[in-house]
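Biologist: Please take a close look at one part of this model for me. I would like to hear how one chain packs, inside and against its partner.

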Amino acid sequence: MTAALLLIAVVILGAAAAAMLRRNLIHSALLLILSWAGVAAFYLWAGAEFVAFAQVLVYVGAISMVVLFAVLLTRQNHVGDLLVEPGTRARATTAVTVGACMAAVLSAAVMASRFPPPADHAPVTSVRLIGLQLMRQHGAALLIVGVILTVALLGATVLAATEGKPDPEDTP
Amino acid sequence: MNPAAQNHFLERAPLELRDWFVNFFPDPLQWLVHHLITIVAVLAIFGLFFAFTTVAERKLLARVQNRLGPNRAGLPKFSFLPWHLAHKLWGLTQPFADAVKAITKEDIVPAAADKALHFLAPVIVVAFSLMGFAVLPFGRQYLPVDLDAALLYFFAAGSATELAIFMAGWSSRNKYSLLSAMRALAQLISYELPLILSVVPIVLVTGTLSTRAIVLQQGFWHPGFVTLPHWFVFTPWGFAGFIIFLIAALAESNRSPFDLPEAESELIAGHLTEYSGFKYALFFMAEYFGLTALSGLGVTLFLGGWQAPFPLLEVVPSYLWFMGKLILMIVFFIWVRGTLLRLRIDQLTRLSWQFLVPLALLNVGNAAFWVLSAHWAGPLQLVRWALSLAIVIVPFVVMGRSLTAGYAPRTYRYAP
């Protein structure tokens, strides 16, 4: 079991590291997707089937497409547009500073968290139980999340919709 | 369900055969052999099913178009045999000849292509299209993997196809491949939504994501003195869901009339432009596996899975019922391919977003109404059916009318 966990960890971290090192953006995006798939494998390892399949469906199926489309549709960066030249000391210093701040905040958060002691036996869950929990106890939260996502979706549609004159060729 | 049918000899025969074979192995290996046999059986049966689907498709399409179809492939002449079968076997060995041809063809990879991704794309697409078969209940006791969240698993496995199509289009380093991969993705993403929404009513009514439990709930019911099949397609919401599912399944598996991604007669094979030989065959294979798996899901969810229509017919083993229904679905898809014309890309996306998605959403509400009115009895039962039917039919007619208003008759401005 531990060997499997180690393998999954190596895949997740290796894919993430490789994604940062690649020069090709599409390769980076695909490696990032591999890393997400590794997270799904970890959920499967931990016995959380439902979350694992949801992870694959949402991240590997949907968000991957958003990332890939974003990469393809974004204009290639011209070197002249950059505020700081790549490969200079100023850029490296900024990167290290930002990374260190981020690491500090994250590790502070991890240190400050109190984890409950592990249960003696793994809790028995089924999709039905998860559904009941979501719909009864956390029903309000679920509704609020749904409303926010719907508003975001409608906003995106409004932004994307262009009111051009219909092309006469399109109308029969 | 009567226990006699469960222990019927034919019903049990494949299981007995498997157990007999597994017993040859030492105890610690038995579970492995057990699973391997399941995998090999699924691969062998659906591999052959794929082969004969292609020949059935070619023959049926030929009949639709008043041709004969493939009828020349017989058996090869083996020199070590003293005799040769001259009969052509009605061309039934055609898929094996096709397979040999695909394997022996030269595999050409463009010089500028991204070699690794170009190789990985067909592998991923076949692997993930096969994964869907794991959760289909082929018979009363023939479910390869009994998952609690089987439906979610099925759609998760299917979602990787989009990634493979993107990889195929992008790695070919060809403008046409990339553009048509984008078109294919737009189509797949558009139709994923109605496909999943058409399945939600089933989950609402049955209260489970497990395919085994969903089939078990489609047994028989006894209104008065007759026994009828309780398949979900025979309820108003089930019927509407089934039609939406069929249309979305056609689009998801790139079948005519939604075969824009690789419209053979007008585009150059879309994202498969730079593929040749066996890799091309792999994409082709994945398309048929995907179609078969989706048809199997449709049979499981709407057509009662392995359930016989009447208790009397339970003498026929359950897996034969499943395969029979599956074959009917496939033949229906072939018939559609021979009949309908290809859509334009704007018509295709419009059909999904303006028509199928709203109807599917309404159908989810319809299923909720069905659950809430489950305790209605007597004459109220008729009211329940009428209301549910109205929720299906009225929006269909109203939206259909308003969306096609002003579209006919077609006038030609440039041609006399």
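Modeller: What follows goes through chain B, from its contact with chain A to its own domains and one of its helices. Keep in mind that this is a predicted model.

Start with the contact between the chains. Chain B puts in 19 residues and chain A puts in 17 residues. On the chain B side, the elements giving two or more residues are α6 (150-158), α7 (160-171) and α8 (175-206). The largest share there, five residues, belongs to α7(B). By class, that side of chain B has 14 nonpolar, two polar and three charged residues.

One residue shows the contact in detail. Leaving out residues up to four places away in sequence, B:L152 touches A:F50, A:F53, A:A54 and A:L57, and also B:L209. B:L152 and A:F53 turn up again in the largest nonpolar core, which has 105 residues. Both are among those with the most contacts inside that core, along with A:V56, B:A149, B:Y153 and B:A248. Helix α11 of chain B, residues 277-302, gives the most to this core: 13 residues. In soluble globular proteins, nonpolar side chains tend to be buried together.

Now the inside of chain B. The domain assignment gives domain 1 (8-75 + 86-104) and domain 2 (112-392). The C-alpha centres of these two domains of chain B lie 22 Å apart. Their contact takes 18 residues from domain 1 and 18 residues from domain 2. On the domain 1 side, α2 (9-22), α3 (27-64) and α4 (94-104) of chain B each supply at least two residues. The largest share, 12 residues, comes from α3(B). By class, the domain 1 side has 12 nonpolar, four polar and two charged residues.

Last, helix α13 of chain B, residues 345-372. How far apart should its ends be? At 1.5 Å a residue, its 28 residues should span 40 Å. Its end C-alpha atoms are 40 Å apart, so the model agrees with the expected span. There is still a kink in α13(B), of about 35°, at B:L356. The proline B:P358 follows shortly after.

B:L356 is also one of the buried residues of α13(B). The others are B:L348, B:L351, B:S352, B:L359, B:A360, B:N363, B:N366, B:A367 and B:W370. What covers them? The cover on the buried residues of α13(B) includes α8, α10 (236-252) and α14 (379-404) of chain B. Helix α8 of chain B thus has two entries here: it helps cover α13(B), and it gives residues to the side that touches chain A.

Conventions. Residues are numbered from 1 along each chain as its sequence is written. Chains are lettered from A and ligands numbered from 1 in the order in which they are written. This is a predicted model: local features need pLDDT of at least 70, side-chain atom pairs count only at pLDDT 80 or more; totals for chains, interfaces and linings use all residues. Two residues are in contact if their C-beta atoms, placed from the backbone, lie within 7 Å. Helices (H or I, at least four residues) and strands (E, at least two) are DSSP runs, numbered from the N terminus. Ala, Val, Leu, Ile, Met, Phe, Trp, Tyr, Cys and Pro count as nonpolar, Asp, Glu, Lys and Arg as charged, and the others, Gly among them, as polar. A nonpolar core is a set of buried Ala, Val, Leu, Ile, Met, Phe, Trp, Tyr and Cys residues joined through C-beta atoms within 7 Å. A residue is buried if 20 or more other C-beta atoms lie within 10 Å of its own, exposed if 12 or fewer, and partly exposed in between; C-beta atoms are placed from the backbone. Domain bounds come from an automatic or database domain assignment. The expected span of a helix is 1.5 Å times one less than its number of residues. The bend at a residue is the angle between axes fitted to the seven residues ending there and the seven starting there.
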